[in-house]
Amino acid sequence: MNAKDLIKEKAGYILSNLLCNGGEYGEIFYEKSITSRMQLEDNKIDKVQWGIDEGVGIRLIKDGKTYYGYITDITYENLLEIARTLAKGSGHGPVAIGKKRIVGWTEVIIDPEEKDLNYRAEILHRANAKARSYGDKIKQVLVVLMDKTRDIMVINSLGESAEDLQKRVVFFTEVVASDGINLQRGYESLGGAKGFEIFEESPPELVAEKAAKRALLMLSAKPAPAGQFTVVLSGEAGGTMIHEAVGHGFEADLVQKGLSVYKGKLGQKVASELITVIDDGSLQGKNGYFVVDDEGVPSQRTVLIENGYLVGYMYDRLSAMKEGKQSTGNGRRQSYAHIPMVRMTNTFIASGKDNPEDIIRDTKKGVFVVKMGGGEVNTVTGDFVFEIMEGYMIENGQITYPIRSATLIGNGPKVLQDVDAVGWDLGWSIGTCGKDGQGVPVSDAQPTLRIRSLILGGTEV
């Protein structure tokens, strides 16, 4: 009998023992993941990783506290021992069986599990060749392809069971260019809850071309000025700012702990009336997509800000229990070895009504950000610092020269209040969201936005 069938057969006994000394909630989480990672650097494939990981996590919520244990040697005896250890006893507690069942999967056309290493290697070589075709100034090229199949099952004491077979692909190219004096970096990524058909939609050459051109462009860029500027964020910039500077503040566990600038502001105006912010794990194909979250709750659309007003937070089961609410399907964990917590999925600012080109034409002087880089955020205050990977000056409504060594410095809530134009476009980016030592796949997006005033950190005054 395989591990999943064993758990299905014995779940009632395990959960009954888990709740023998009381508790509000008990849960068994099974996961089997198959992960592949291939890397090309210096014109050769230098790293190939492939692995299978299987395990079970058992969780008890009692008096609002979480008790957790996990194993990789999956036997009935070991599962029962963990349940009894967490319960601090043995016996029987009240559990429900068979009240609700969900089975989901990610639909793919070209299943990564059916493709060999040669197939993956060809994708990497194609990207490398394209990036290096831009001449001798291209000094380094790094290409990485990752894919993961994740089979999860959740059975809990409420009588609910859920299964979800998730598949994801992530691909990126990083290029370093030099003119003999300066070094500049270009980066572009691609990914989502899809199979290798993703490369038919966006060939690896296109990703490599964007990364190489970005690195070369920054070689010719002028040092960024420093000061206060109107900033136009392009849709292509992705939703890095909405995710980092704003999104974490809507996670209910941080709100409840007083670690969010949005605590106590439900129903209040917190942004420009042009701003609506949504988290939606049900968007098929996006990197944060799934049928059920890691607590077995169906993915769903959650409106956080509507026309400038704070209308909701994101919840997992525990944070929802504390307020007598329902989970919004935002309970996520890195693996069976981690407890679930509130996390974003696909988070975005909804499209507006403005023509992106008109937004630029209506900006007399400012900065146009095409691609964001990394950054730091304080979720308590909302203060942030972000690198600009590709940016330009706007002069008299025209995009003029590129700038380098630039950062954006500001405050997330204030940025949302200072938005005075929202484009009808919507550009997505992918990432891995880190929180409390765990990483989960996400996507974020925004349309073209104009922010009245932001501090630009640069080297020229």
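Reader: Is Asn346 buried or exposed in this model?
Author: Happy to start there, and please keep in mind that the model is predicted. Asn346 lies in strand S15, which covers residues 346-349. Buried means under 20% relative accessible area. Asn346 has a relative accessible area of 0%, so the verdict is buried.

Reader: Which residues does Asn346 touch, leaving aside those up to four places away in sequence?
Author: Several of the partners fall among residues with numbers in the 280s, including Asp280, Gly281, Leu283 and Lys286. Others, among them Trp428 and Ser443, come from elsewhere in the numbering. The full list is Ile278, Asp279, Asp280, Gly281, Leu283, Lys286, Asn287, Gly288, Tyr289, Trp428 and Ser443.

Reader: Which backbone nitrogen does the side chain of Asn346 reach?
Author: A good place to look is the contact list of Asn346, which includes Asn287, Gly288 and Tyr289. The side chain of Asn346 comes to 2.8 Å from a backbone nitrogen, and that atom belongs to Gly288.

Reader: What separates the C-alpha atoms of Asn346 and Tyr313?
Author: Along the chain, Asn346 and Tyr313 are 33 residues apart. In space, their C-alpha atoms are separated by 14 Å.

Reader: How many salt bridges does the structure hold?
Author: In general terms, side chains of opposite charge can pair when their charged atoms come close. One of these pairs here is Glu205 with Arg126. For the structure, the count of salt bridges is 29.

Reader: How many residues apart in sequence are the parts that Glu205 and Arg126 tie together?
Author: The closest N and O atoms of this salt bridge are 2.8 Å apart. Glu205 sits in helix H5 (residues 204-219) and Arg126 in helix H3 (residues 117-132), so the bridge ties together parts whose separation in sequence is 79 residues.

Reader: What relative accessible area does Arg126 have?
Author: Both partners of this bridge fall in the partly exposed class: Glu205 does so at 22% relative accessibility, and Arg126 is also partly exposed. For Arg126 the value is 32%.

Reader: Where does Glu236, the salt-bridge partner of Arg214, lie?
Author: The closest N and O atoms of Arg214 and Glu236 are 3.4 Å apart. The pair links distant parts of the chain, 22 residues apart, with Arg214 in helix H5. Glu236 lies in the loop between strand S9 (227-233) and helix H6 (240-246).

Reader: Which residue of the Arg214 and Glu236 pair is buried?
Author: Glu236 counts as partly exposed, at 41% relative accessibility. The other partner has a relative accessible area of 3%, which places it under the 20% limit for buried residues. The buried residue is therefore Arg214.

Reader: Which residues form a nonpolar patch on the surface?
Author: One member lies in strand S4 (residues 96-105) and counts as partly exposed at 43% relative accessibility: Val103. Together the patch has about 280 Å² of accessible area. Its members are Val103, Trp105 and Leu165.

Reader: Why is the pair of Phe250 and Tyr262 stacked?
Author: The count of aromatic pairs comes to 8. Within this pair, the ring centres are 4.3 Å apart, and planes under 30 degrees apart count as stacked. Phe250 and Tyr262 are both buried. The pair is stacked because its planes meet at 20°.

Reader: Which residues do ring pairs link into a cluster?
Author: This cluster is made up of Tyr and Phe residues. Its members are Tyr119, Phe171, Phe196 and Phe199.

Reader: What relative accessibility does Arg317 have?
Author: Arg317 is found in helix H8 (residues 317-323). Its contacts beyond four places in sequence include Tyr25, Asn156, Glu160 and Glu295. Arg317 counts as buried, with a relative accessibility of 11%.

Reader: What phi does Asn307 have?
Author: Asn307 is placed in the loop between strand S11 (301-306) and strand S12 (309-310), and it is partly exposed at 45% relative accessibility. Asn307 is not a glycine, yet its phi is positive, at about 50°.

Reader: Where is Asp42, which has a positive phi near 55°?
Author: Asp42 is a residue other than glycine, and at 49% relative accessibility it counts as partly exposed. Its place is in the loop between strand S1 (25-41) and strand S2 (44-62).

Definitions and conventions. Residues are numbered from 1 along each chain as its sequence is written. This is a predicted model: local features need pLDDT of at least 70, side-chain atom pairs count only at pLDDT 80 or more; totals for chains, interfaces and linings use all residues. Side-chain values use heavy atoms; hydrogens and water are left out. Helices (H or I, at least four residues) and strands (E, at least two) are DSSP runs, numbered from the N terminus. Buried means under 20% relative accessible area, exposed over 50%, partly exposed in between (1.4 Å probe, protein chains only). Contact means heavy atoms within 4.5 Å. A polar contact is a pair of N or O atoms within 3.5 Å; within protein, one must be able to donate a hydrogen and the other to accept it, and residues adjacent in sequence count only if both atoms are side-chain atoms. A salt bridge is a side-chain nitrogen of Lys or Arg within 4 Å of a carboxyl oxygen of Asp or Glu. Patches are made of residues with over 30% relative accessible area and no salt bridge: like charges are joined within 9 Å, nonpolar side chains (Val, Leu, Ile, Met, Phe, Trp, Tyr) within 5 Å. Accessible areas come from the Shrake-Rupley method with a 1.4 Å probe; for residues, only the protein chains shown count as cover. Rings of Phe, Tyr and Trp (its six-membered ring) pair if their centres lie within 6.5 Å; planes under 30 degrees apart count as stacked, over 60 as edge-to-face and the rest as tilted.
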